[in-house]
Amino acid sequence: LSILRFETSTDACKRVAREIASLIRLRASEHRKCVLGLATGSTPIRVYRELVRMHREDGLSFHNVITFNLDEYYPIKPEAAQSYVRFMNEHFFNHIDIFRSNIHIPKGNIELESVPGYCRDYEELILKNGGIDLQLLGIGRTGHIGFNEPGATRDSSTRLVKLDSLTRIDAAADFGGLDNVPLLAITMGVETILQAKRIRLLAFGQHKASIVQKAIEGRMTTAIPATLLQNHRNLQYLLDHDAAACLS
Ligand code: F6R
């Protein structure tokens, strides 16, 4: 586990965007695909902004890129303002040259009975593509990664989960009130995330300082799912000053 501290969150985002761009170009030079695991939320927005800039100004192409998003609310329509499909299109996919067929985001509008099979297929598709080369992560105040809330086990895979009440409170503003926040979500599991070859976890702001300290320095426990990443072979935390404030 390595920890990189940055003067500003923008610096951290640019750093990880550059790493992603290098990986895409390296793979392209070998005529290979690059498989990215992507996150939504406020934290990675400037990573996407920087990648869009590199596409426009530096000729970075996403023709060899395959993406798998971590999660999606359930139920939710893809066209809903709060859906992660909308988020990814608006912040990233609409502005780059990725093939639409290479984009994967858990579907929030499928029938409940078909969810387990759908989740198995999602896992299989990741494996069929050779696994995730680099997984981008944020962290929730509950210690969630993806929507793996407290209680999620190390061996969990893509599945339907209940959102923690704190997570729903944090999402309430986006949904115009707590009552409108879905109770469930489909998320990659902790094991799915651990199988990524590189994990880059970004956290910014003082509201993340305490959970970042627990995630990095606390003992491994399912009560704080992010602690379950501690033994990963290539895990990097990218923090701004505020998020790093409680580290010893
Ligand atoms: C988003 C996701 C979540 C967020 C986390 C932090 O796809 O999986 O785990 O990364 O809730 O959200 P922000 O970045 O909005 O603080």
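**Exercise 1. Sort the shell around the ligand into nonpolar, polar and charged residues.**

Solution. Start with the split: the shell has five nonpolar residues, eight polar ones and one charged one. For this sorting, Ala, Val, Leu, Ile, Met, Phe, Trp, Tyr, Cys and Pro count as nonpolar, Asp, Glu, Lys and Arg as charged, and the others, Gly among them, as polar. Next, look at who comes nearest: of the 14 residues around the ligand, these are Thr-40, Gly-41, Thr-43, Gly-138 and Gly-140. A residue is near a molecule or strand if its C-beta atom, placed from the backbone, lies within 6 Å of it.

Before you go on, keep in mind that this is a predicted model, where local features need pLDDT of at least 70 and side-chain atom pairs count only at pLDDT 80 or more, while totals for chains, interfaces and linings use all residues. Residue numbers start from 1 along each chain as its sequence is written.

**Exercise 2. Work out the strand order of the seven-strand open sheet and find its edges.**

Solution. Helices (H or I, at least four residues) and strands (E, at least two) are DSSP runs, numbered from the N terminus. Two strands pair if DSSP finds at least two bridges between them. Step one: the order is 1-10-9-6-2-3-5, and the pairing is parallel. Step two: strand 1 (2-6) and strand 5 (103-104) each have a single partner strand, so one side of each lacks a neighbour in the sheet. Step three: zoom in on one edge, where two bridges link strand 5 to strand 3 (residues 65-69). There, Thr-67 sits opposite Ile-103.

**Exercise 3. Do the same for the open sheet of three strands.**

Solution. Here the order is 4-8-7, with antiparallel pairing. Strand 4 (71-74) and strand 7 (159-162) are the edges, each with a single partner strand, so each has one side without a neighbour in the sheet. Strand 4 is joined to strand 8 (residues 184-187) by four bridges. One pair to look for is Asp-71, whose bridge partner in strand 8 is Thr-187.

**Exercise 4. Is Leu-235 buried or exposed?**

Solution. First the rule: a residue is buried if 20 or more other C-beta atoms lie within 10 Å of its own, exposed if 12 or fewer, and partly exposed in between, with C-beta atoms placed from the backbone. Leu-235 has 21 C-beta neighbours inside 10 Å, so it counts as buried. Now place it: Leu-235 belongs to strand 10 (residues 235-240). Leaving aside its neighbours within four places in sequence, Leu-235 is in contact (C-beta atoms, placed from the backbone, within 7 Å) with Leu-1, Ile-199, Leu-201 and Leu-229. Finally, Gln-135 is 100 residues away in sequence, yet the two C-alpha atoms are 9.5 Å apart.

**Exercise 5. Find two backbone oddities, at Pro-75 and His-31.**

Solution. Start from the background: most residues other than glycine have a negative phi, and most peptide bonds are trans. Pro-75 is in the loop between strand 4 and helix 3 (84-91). The peptide bond from Tyr-74 to Pro-75 is cis, with omega near -10°. His-31, which is not a glycine, has a positive phi of about 60°. You'll find His-31 in the loop between helix 1 and strand 2. It has 7 C-beta neighbours inside 10 Å, so His-31 counts as exposed.

Methods. Contact = placed C-beta atoms within 7 Å.
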